Amino acid sequence: MQIQPCGPLRGEITVPGDKSISHRAVMLGALANGTTHITGFLMGEDCLSTIDCFRKMGVEIEITENQVIVEGVGLHGLCEPEETLYTGNSGTTTRLLCGILAGQPFTATLSGDASIQKRPMGRVIKPLREMGASIEGKNDNYCPLTLYPSELHGIEYRLPVASAQLKSAILLAGLYAEGQTTVIEPTPSRDHTERMFRALGVEIETRGNEITLEPPEDLHAVDIAVPGDISSAAFFLVAGAIVPGSELTIKNVGVNPTRTGILDVLREMGADITESNFRDDAEPVCDLTVRHSRLHGVEIGGAIIPRLIDELPVLAVAAAFAEGETVIRDAQELKVKESNRIAAMVTELTRAGADVEETDDGMIIRGGKTPCGASFETYKDHRIAMSLAVLALGAQTASRINDPEVVSISYPDFFDTLKALGG
């Protein structure tokens, strides 16, 4: 795909539904008593993988033009799948399903695409085994994973890293455990699971970085409105900030405080971002307006990293256009995403003429010179592809994005939306 440098980006858009919330809405809707109507669901490949897995376990799920309808089977109503549960490229589906399957009275095997089969699962296997789960995996760390019938008990577990996927896997297993389950985080990670549990009637208490779940008798279905994904909005926030003359509004974006690190950092860099039309139901939501700004380098590290881990590739693009030096640290998690996102962004930013240096836990980007266009690789990683497309909009010369179709994992209409804004 060829992308030319563009003039101002202008207009109003909505972005697809939040991927994290879409996954959890299907999972908990399937385990609830009653019918769950999900609006705003992300129709990306990852979330469709979650639907496919639950259909294979006997859950009726209907996809209509404007909603997903899940006929819950109750906590103990899942059926043994007749084939491997294929999770595609979705780490969320894989890791959270481990928690649910750990407490089932049947055997199930999970596997995914080539990327998933290289992503470490040992950090999920370890606490689930402490709860009594019987799990086997390739080299005790990789898919395929097979989970056997087990009796689970609650534990207190201190997470080695702040990870919403790991936390959620343990809490989902806690639904089937005898006694309380407590998870202690080093720093807070996204809390969509806890919020949705409360909405469905689960007794869960958060005290600082400590979350304790009391196993429920059952879950009660509720309708779920999925807000726009701030991780998808991030690409347009950066595009609007770096392309001269731009002003665009992204409507109905989820601004859960555990996810708004991208707003904090862009504002610290000098971006002009305003919020309007704020409302707060199960998840806080607002409209975001961004205008072209002169950006400057900052340091990004520490407790804010879990609040923007998925947005770091596009923040690296913003840093390449900013004056001065930006340091990204404490981001080792980027190495075990859909690709090694540290190595990928360093390679591609260098290809565009940026002054960038890879470190053990991040990168150092020295801005001040507008990047050039180039022929970019996507590493079969949707966030790398979209980040490089944003870079291409502000580059000095035309660019080529190889394998752009990978964006369908989380944002099938990404390039159409860019075009509508003038990109």
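# Notebook: aromatic rings, chain shape, salt bridges

**Aromatic rings.** I searched for ring pairs first and found 5 aromatic pairs in the structure. I then took the pair Phe414 and Phe415: the ring centres are 5.1 Å apart and the planes stand at 75 degrees, so I noted the pair as edge-to-face. The cut-off for that label is an angle over 60 degrees. I should add that the model is a predicted one.

Next I looked up how covered these two residues are. Phe414 has a relative accessible area of 0%, so I wrote it down as buried. Phe415 comes to 16%, and I entered Phe415 as buried because the limit is under 20%. I also checked for a wider grouping and found one aromatic cluster, formed by Phe235, Phe236, Tyr411, Phe414 and Phe415.

**The chain as a whole.** I listed the secondary structure of the protein chain and got 12 helices and 25 strands. The radius of gyration is 21 Å, close to the 22 Å that the globule rule gives for 423 residues, so I recorded the chain as being as compact as a globular protein of that length. For the extent of the C-alpha trace along its principal axes I noted about 60 × 40 × 40 Å.

I looked up burial for the chain: 61% of the 423 residues are buried. For contacts with a separation of 6 or more, I found that 75% are between residues 24 or more positions apart. The exposed area of the chain is about 15,400 Å², and 46% of it is supplied by carbon and sulfur atoms.

**Salt bridges.** I ran the search over the whole structure and found 32 salt bridges. I followed up three of them.

The side chains of Lys167 and Glu185 form one, at 3.4 Å from N to O. I located Lys167 in helix α5 (residues 164–174) and Glu185 in the loop between β13 (181–184) and α6 (192–199); the two are 18 residues apart. I noted both Lys167 and Glu185 as buried.

Another joins Glu299 and Arg329, with the closest N and O atoms 3.7 Å apart. I placed Glu299 in strand β20 (residues 299–300) and Arg329 in the loop between β21 (325–328) and α10 (341–351), 30 residues apart. Glu299 has 53% relative accessibility, so I entered it as exposed. Arg329 has a relative accessible area of 33%, and I entered Arg329 as partly exposed.

The third I looked up is between Arg383 and Asp310, whose closest N and O atoms are 3.9 Å apart. Arg383 is in helix α11 (residues 382–394) and Asp310 is in the loop between β20 and α9 (312–321), so this pair ties together parts that are 73 residues apart in sequence. I found Arg383 at 4% relative accessibility, which counts as buried. Asp310, at 11%, also counts as buried.

I then asked which residues are linked with Arg383 and Asp310 in a network of salt bridges. The other members I found are Arg119, Arg190, Lys337, Glu338, Arg341 and Asp381.

**A surface patch.** Last, I looked at nonpolar side chains on the surface. Met43, Leu48 and Ile63 make a nonpolar patch of about 210 Å². I located Leu48 in helix α2 (residues 45–56). Leu48 has 33% relative accessibility, so I entered it as partly exposed.

Note on methods:
Residues are numbered from 1 along each chain as its sequence is written. This is a predicted model: local features need pLDDT of at least 70, side-chain atom pairs count only at pLDDT 80 or more; totals for chains, interfaces and linings use all residues. Side-chain values use heavy atoms; hydrogens and water are left out. Patches are made of residues with over 30% relative accessible area and no salt bridge: like charges are joined within 9 Å, nonpolar side chains (Val, Leu, Ile, Met, Phe, Trp, Tyr) within 5 Å. Accessible areas come from the Shrake-Rupley method with a 1.4 Å probe; for residues, only the protein chains shown count as cover. A salt bridge is a side-chain nitrogen of Lys or Arg within 4 Å of a carboxyl oxygen of Asp or Glu. Helices (H or I, at least four residues) and strands (E, at least two) are DSSP runs, numbered from the N terminus. Buried means under 20% relative accessible area, exposed over 50%, partly exposed in between (1.4 Å probe, protein chains only). Rings of Phe, Tyr and Trp (its six-membered ring) pair if their centres lie within 6.5 Å; planes under 30 degrees apart count as stacked, over 60 as edge-to-face and the rest as tilted. The radius of gyration is taken over C-alpha atoms; the globule rule is 2.2 Å times the number of residues to the power 0.38. Contact means heavy atoms within 4.5 Å.
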